[in-house]
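Please read the following report alongside the sequence and the coordinates. It follows individual residues and helix pairs in turn.

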Amino acid sequence: MKAGYRLPRFGADGKFGEETENAVMKFQRDNNLAIDGLVGPVTLNRLQEVNHQRVSASDFPLPTGVYRRGDQGNAVKQIQRALKQINFNPGSIDGIYGPNTEDAVKRFQSMYRALADDGIYGPNTRKYIRMELDD
């Protein structure tokens, strides 16, 4: 989940079921690995590389306020850059809060019970993105 792959039905339940296998296969596809749904040494190594990319939140300033689909500008670019850095790829860093950015925000929000999976960037989502950037 930290690598940006959703487990919407069961979340992190400690079981390697179909939902987890599908997420692993998507990760493998996105990272040009053999797609077998197994977390072997090559997949595990790449997953660790993705999850251990260290950055400082100060490298990715985040806007305050509320942003949603249809918004545009530099603040949206900041959100997009931060999402991409924490492996929730919003597509182009174009400053347009379109369906890809909304989907990336929803995927991120789905990791935390405290966040509504509404695709709207606001103070709570900002707080959790900052936490991920500092992690």
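Leaving aside neighbours within four places in sequence, threonine 20 is in contact with Leu7 and Lys15, where contact means heavy atoms within 4.5 Å. Threonine 20 has its place in helix H1, residues 18-30; helices here are DSSP runs of H or I with at least four residues, numbered from the N terminus. At 18% relative accessibility, threonine 20 counts as buried, given that buried means under 20% relative accessible area, exposed over 50% and partly exposed in between, with a 1.4 Å probe and protein chains only.

This is a predicted model, in which local features need pLDDT of at least 70 and side-chain atom pairs count only at pLDDT 80 or more, while totals for chains, interfaces and linings use all residues. Residues are numbered from 1 along each chain as its sequence is written, and side-chain values use heavy atoms, with hydrogens and water left out.

Two helix pairs can be set out side by side. Their axes are lines fitted to C-alpha atoms over the stretch in contact, and the angles run from 0 to 180 degrees between N-to-C directions.

| Helix pair | Angle | Axis separation |
|---|---|---|
| H1 and H2 | roughly 80° | within 11 Å |
| H4 and H5 | about 75° | 11 Å |

The angle in the second row makes H4 roughly perpendicular to H5, a term that covers 65 to 115 degrees. By class, the contact of H4 with H5 has 4 nonpolar, 2 polar and 1 charged residues; Ala, Val, Leu, Ile, Met, Phe, Trp, Tyr, Cys and Pro count as nonpolar, Asp, Glu, Lys and Arg as charged, and the others, Gly among them, as polar. On the H4 side the residues involved are Val105, Phe108 and Gln109, and they meet Thr125, Tyr128, Ile129 and Glu132 of H5. In the first pair, Val24, Phe27 and Gln28 of H1 meet Thr43, Arg46, Leu47 and Val50 of H2, and this contact of H1 with H2 has 4 nonpolar, 2 polar and 1 charged residues.

Helix H5 has 12 residues and reaches 17 Å from its first C-alpha to its last, close to the 16 Å expected at 1.5 Å a residue, where the expected span is 1.5 Å times one less than the number of residues. Within H5, the residues Thr125, Tyr128, Ile129, Glu132 and Leu133 are buried. Seen down the axis of H5, these buried residues fall within an arc of 145°, so they line one face of the helix; the arc is that of the directions from the helix axis to the C-beta atoms. The face of H5 turned away from this buried side carries the exposed residues Pro123 and Lys127. What covers the buried residues of H5 includes H3 and H4, and, in turn, the cover over the buried residues of H4 includes H3 (74-85) and H5 (123-134).

Two further buried positions involve H3 or the loop before it. Glutamine 80 lies in H3 and is buried, with a relative accessible area of 0%. Not counting residues up to four places away in sequence, glutamine 80 touches Pro90, Ser92, Ile93, Asp94, Gly95, Ile96 and Thr101. Proline 63, by contrast, sits in the loop between helix H2 (41-51) and H3, and it is buried at a relative accessible area of 8%. With the same sequence neighbours set aside, proline 63 touches Ala75, Gln78, Ile79, Tyr121 and Arg126. Proline 63 and alanine 75 are 12 residues apart in sequence and 5.6 Å apart in space, C-alpha to C-alpha.

Definitions and conventions
Helices (H or I, at least four residues) and strands (E, at least two) are DSSP runs, numbered from the N terminus. Angles under 35 degrees count as roughly parallel, over 145 as roughly antiparallel, 65 to 115 as roughly perpendicular and the rest as oblique.
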